Every structure is written in C-alpha cells, then in structure tokens.
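Q: Can you walk me through this one? I have the file open.

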Amino acid sequence: MTRNFIPVVVDEYLWLADQTDKTSPAIIVGSHDWYAWLADDQHTSFAFKQSSGNFTARHERQRNGWYWYAYRKRGGRIHKIYLGRPAEMSLQRLEHAACVLAARVEPPNRDAPQAIQVCTARGQRPQVVLAEKFAFPTMAGNPVERPRLFTFLTSGARGKLTLISAPAGWGKTILLSSWCASHHAPHWPHGWITLDSHDNDIQSFWSNILAALDLLHTGIAAQSRTLLVHPEDETIHMVIKTLLNACQQLTMDTIIIIDNYQAIQAAEIHRSLSFFLDHLPARLHVIISSRTMPPLPLARLRVQGALTEIRQHQLRFTEDEAGAFFRRTQGITLDDSECAALTVRTEGWIAGLQLALLSISDKQHVDTYLNHNRYIRDYLIEEVIQQQTTEVQQFMLRTSIVTRLNAGLCDTLRQAGDSQLLLEQLERANLCQPLTDQHGSWYSYAPLLRETLLYLLQRTDAQQVQQLHQRASQWYEQQAPRQSITLSEHVGPKSGAMLEPLTRREQQVLRQLLNGASNRDIARSLIISEGTVKKHVFNICSKLGVQSRSQAMARSIALSLL
C-alpha cells in the first residue's frame, strides 16, 4: 500500500518528495520559489517538523482570499492557529506557530519553560519570552459547551472590547478557551496573554501585547519594540501610536485576549490601555477577563455601543448545565431534585460545583454538602478573602452579620464614616452586588461568601459578635421601628435589641410556609422560581437565627411576626 506523501519543511527546506531521496526537489524556505509555491491554490498542505514543534499547515479559502493555518491534534482535540497570507510565511513565523501549538497541547515543564523569540528591529537581539504566557489554557476533561454564551462572545468580539468580569472560580478562563476551540469563534487570528503580578509594570505589559501581535502578524510590532526601551509616559504613547498605525494595515480581523487583568494595579497601565482602546483600529478587537472591574473608559464604550459585558449572573450554570457538568466530569448522574438543590446552593458557581464533586465522590450524601462543605470554605478563604487588604477583610467580617448592607448601617457596625467608599470598592471587585429591588444604595454578599465570613468572624472575634448584632439592631430600630423584630436566640434572650427586618417578599414566603405550602406551591402562588423560594427561606432562617424552615416557623409564631 502506497502512503500519500505531503511536502514537509525540515530545517530550512521544503521537501516536495521524500527527503531520503537525494534527487528529490527541495525549496529554500524564504526564497522566491517558496512564496510562489505557497501562493499556488493547487498546493493545499504541508508538514512542519522542527525541534520547536510539529504541525500540519493547510491552505484554506476565506471570504477575503486564501490563508494558511496550522493544525495539531492531541487527545482527540484539534488545535488551530492562524499562519497568514503566503507573503507572511517566513521560517520565523512557522517556528512561532510550532512553539505556541506545542504550549497548547503539552503540559508546561516548570523546570525548563519553553521560550520563543519575538521579532525585533534589524541589529537588535531577539527578545525571549515564555511561550506559556501566550498559550491557550489546556482544559482538563470534557468541558460543558455553553452555546448561549458562545453566541454572545462571538457577537461581542466584533466590537472594540468584550469584558468578562466575575470573582474567582466563575469559569472565565474555561469559557474563553473553550469558545476559541469551538466552531462558534470567528475564523480570525486570535492571541492569548495570561498576566501575572510580574506584568504590573508598563514595559512588561506592553512587551506582552507587542509579542502577542508579533506572533499573529510577524514584524507588525517591530518598530514599536525599538521605542520600548525607556518606558516614560511620552515614550509609551509613541509606542502605542506606532503600534496603532501598524495595525491600521491589518487585512484580517484579529482578536487579542488578555486574561487575569486583575493582576494589573498600576494606574499608568490603565491609562495607556484606555488610550489604546479609544483609538483601536477597526480590525483589532480586545477581550479582557478579570476578577475585578478594570478602571477603563467603560461608560464611554457603553454609550458608543463598543462594549460587550459578561458578568457573574450570566456565567452561572443552569440546572441543565450543572447536570451535564457532573455527567461529563465524573460520570455522576444526579436526580433532578439533587441537581436543582446543588445549583441553588452554589448559585450556579462553577467552582462550587467542582468542589461538590469532592464530597460526592467521597460517597457523602448531597445533603451533607448542602449544609456544610469545608472545601468551599477553604477555597473562599484562600482565593477571595485572603487576597484582600486587611482593611477590606475587617470590613467584610464586621458587616457579614446582616444580609443587606448600606453605608449608614455599615458605618454603625464599624463605628467609622467611610463605608460608602468601601462598598463601592467591593462592588468593583465583584465581592458584593447591588440589590435592584431595594430603595437606596443597598448591597449584599453572596450567601456562600457570607457564611464563610460569619465562620471566620466567630473564630477570630467571637466576643464582638453580640456587640455587632446590638449595633445593627439599634440602627434598624432607629430607621424603621415598625418593621423591626426582636433579637434572635444567638444574641441572648435578655437583650431588648432589634434585628434586621424581613422584606415584604420574605414575609409573603413565611406566611405561606405557616399555611403548610411546599416550595413548589409557593413558587406557583408568587410566580417565582423554586430556586428563588429557597433563597428566601435561607434568608428568613438567617435573620431569625435558626437552621431549618420548621424552626423558622416556630420562631416566627413565638415572635408574632405575622
């Protein structure tokens, strides 16, 4: 049986037949014959084999002409990267592509990180950067496809900026990586940059941007790189202007993805990126993923219709997605009620569902996870709470005793006068959410985060808990005495203080509970979802200082709340 042979690039030669045959023709890569061969529509593929990596290149027709793409398969998945038009196919570009594809399909070796050489001006030494920083993250297992978000991303990618902002563990990186690998993403060249704390330097930051664009379009950032030697403000503006002028010559739309933007704290970087976005060429598009809301001109971009936002509430897993997640990740099939309970308990938080697997795979019952899970608590402490400043941590701990927050209440709890500024800071950090159904500037913590904060408060400053409750109750008594209720059991029966009142909707839910209605009956009666009913029951129990709905009903009868 004869094996079909395709041309192969080895060293600096394109072999048109088996290179073991000394008489077989070969073309020098970079020569006139090389570019002529690439431009011929009849030549549809070739292989690339070098120490930097291997791939198969294919010639594909797009709307604006013929382009070359590199492919590499690993673990049943095909990875693809844009190479360019025939005239752009230098040996250096092929080596770049091989390094990037190798970083995508092979786990990085921390002891010997891969490196790539980025094009610089003639006479300068090539700059060496880690290929891993520009590698698309590898995804363990078989991630759940999310076509509703994929469609949203594809639409937003045609504008200037797409911003994905949510706290740790909401699946921002996985969403972007799986979108890039799906058929939903546009067939445009797209580059990836993973930031870390070492990039909180304006020269390092823009070196990454230039390198990412150079990987996609060889030499496009060469002039800008020659200017990026002395990173003063004036020089940085020259670097950016030179880059913007070069990108005006792009013949194909290009996407730059910047992940972990929360690592950037330097105001000068925010200002320079704002300038870049304000003057972004029509064919260049930026996607930013961050745990916090970046201080960029978002309001102006919204007005211009140039901003697409994906926030925490859009990233939440639905019950169907949660069920698919458990089946695909661990082969676990939960019944509808268990899946719904886990989705409600975690609020569709992807990390919470992932941590649930640890309990379920350890043969613990789902109810155990719903009532208490140390994995979630440990994750929130390490990845969220301990990442904040001491001032913010103390604010969160002392204000966690109430389910709703506003500046006046927080000032009373802390005996300070700057709570509004801190609440706005927490909102930008996605650590508290504004309540749209409340009059005034009210906020709340996510239930799982609030439970963890209460746990830490009890462990670190238990003596202050009763005093904080008394301050909160006194504030409510002064603000709305008719709606207040007497202090719950954990403060002490002898105290005459008042607790946070139930909202009107919580009173409606409590009234139906007293009438013996189930969650489904309440949902139908109030025209809300069962998940929303469970949230209201959780809040009622929290405010009354009890652990179950039966205890809440008994407590409400004893206090004559309704």
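A: Sure. A term to start with: two strands count as paired if DSSP finds at least two bridges between them. Also, this is a predicted model.

Q: OK, so in β3, what is the bridge partner of Tyr-13?
A: Ile-28 is the bridge partner of Tyr-13 there. Strand β2 (residues 13-15) and β3 run antiparallel, joined by 3 bridges.

Q: What order do the strands of that open sheet have?
A: The order is β3-β2-β1-β4-β5-β6-β7, an open sheet of 7 strands with mixed pairing. At the edges are β3 (26-28) and β7 (77-84), each of which pairs on one side only. On average, neighbouring strands are turned by 30 degrees against each other, direction ignored.

Q: Switching topic. Which residues of the largest nonpolar core touch the most other members?
A: Trp-34, Phe-46, Phe-55, Trp-206, Tyr-261 and Phe-276, out of 67 residues in that core. Helix α5 (residues 202-216) contributes the most, with 10 residues.

Q: What is Trp-206 in contact with, neighbours within four places in sequence aside?
A: Leu-228, Ile-236, Ile-240, Leu-243, Ser-272, Leu-273 and Phe-276. There is also a second, separate core of 59 residues, which includes Leu-149, Leu-175, Leu-176 and Trp-188.

Q: And helix α21, which residues are buried?
A: In α21 (residues 504-514), the buried residues are Glu-506, Val-509, Leu-510, Gln-512 and Leu-513.

Q: Why do they line one face of the helix?
A: Because, seen down the axis of α21, the buried residues fall within an arc of 160 degrees.

Q: What comes just after α21?
A: Gly-516, with a positive phi of about 85 degrees.

Definitions and conventions
Residues numbered from 1 in each chain as written. Predicted model: local features only at pLDDT ≥ 70, side-chain atom pairs only at ≥ 80, totals over all residues. Heavy atoms only, no water. Core = buried A, V, L, I, M, F, W, Y, C linked by side-chain atoms within 4.5 Å. Buried < 20%, exposed > 50% of the residue type's maximum accessible area, 1.4 Å probe, protein only. Helix = DSSP H or I, 4+ residues; strand = E, 2+ residues; numbered from the N terminus. Contact = heavy atoms within 4.5 Å. Axes fitted to C-alpha atoms, helices over the stretch in contact; angles between N-to-C directions. Arc of directions from axis to C-beta.
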